[in-house]
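Here are some short exercises to work through with the model open beside you. Try each task before reading its solution.

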Amino acid sequence: MPQPDAANDERFAVVVVRSGGLAGLQKQWRAEPDPARLAQWRELVESCPWDAAPSASSGADRYQWRIEVHRGGIAVRRARLGDGQVDGPWRTLVDEVRRAAPSTPRSR
């Protein structure tokens, strides 16, 4: 019989947080892929250069990005990037998270 925490240990999520811009607002997206797509998501994550991720560059009115991969509820990978650094595999991962994240209604 599986342990009660076994399902939590296998949970996999990618969180993308964008902050800054003209209004300095923060927006967050969270994707938790279903088990059938887990291998594809792991490929996306592993294609990013986590160990070579540059420090986020600063600039007036620029977005800053924080990208985290969580496994079992614990962040196992983290990167902070400036807007101009979100390209290549980073852009692919960010775009996929944004597409997969549940949409929430806008508050007025």
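The protein chain has 3 helices and 4 strands, where helices (H or I, at least four residues) and strands (E, at least two) are DSSP runs numbered from the N terminus. This is a predicted model, in which local features need pLDDT of at least 70 and side-chain atom pairs count only at pLDDT 80 or more, while totals for chains, interfaces and linings use all residues. Residues are numbered from 1 along each chain as its sequence is written, and side-chain values use heavy atoms, with hydrogens and water left out.

**Exercise 1. The chain as a whole**

Find the order of helices and strands along the sequence, and the share of buried residues.

Step one: reading along the sequence gives α-β-β-α-β-β-α. Step two: of the 108 residues in the protein chain, 32% are buried; buried means under 20% relative accessible area, exposed over 50%, and partly exposed in between (1.4 Å probe, protein chains only).

**Exercise 2. The sheet**

Work out the order of the strands in the sheet and which strands stand at the edges.

Start with the order: the 4 strands form an open sheet, 2-1-3-4, with antiparallel pairing (two strands pair if DSSP finds at least two bridges between them). Strand 2 (25–31) and strand 4 (74–82) each have a single partner strand, so one side of each lacks a neighbour in the sheet. On average, neighbouring strands are turned by 15° against each other, direction ignored; the axes are lines fitted to C-alpha atoms, for helices over the stretch in contact, and angles run from 0 to 180 degrees between N-to-C directions.

**Exercise 3. Strand 1 and its surroundings**

List the partners of strand 1, then decide why strand 1 is largely enclosed.

First partner to check: strand 3 (residues 63–71) is joined to strand 1 (residues 12–20) by 9 bridges, and one residue pair to look up is arginine 18 with tryptophan 65. Next, strand 2 pairs with strand 1 over 7 bridges, again antiparallel. Here valine 14 has alanine 31 as its bridge partner, and serine 19 stands opposite glutamine 26. The hairpin of these two strands has 4 residues between the strands, and there glycine 21 takes a positive phi near 80°. Helix 2 (residues 38–46) lies across all four strands, at about 45° to strand 1, with contact meaning heavy atoms within 4.5 Å. Finally, 7 of the 9 residues of strand 1 are buried, so strand 1 is largely enclosed by the rest of the structure.

**Exercise 4. Glycine 72**

Locate glycine 72 and decide: buried or exposed?

Glycine 72 sits in the loop between strand 3 and strand 4. Its relative accessibility is 14%, so glycine 72 counts as buried. Now take alanine 13: glycine 72 and alanine 13 are 59 residues apart in sequence, yet their C-alpha atoms are 8.6 Å apart in space.
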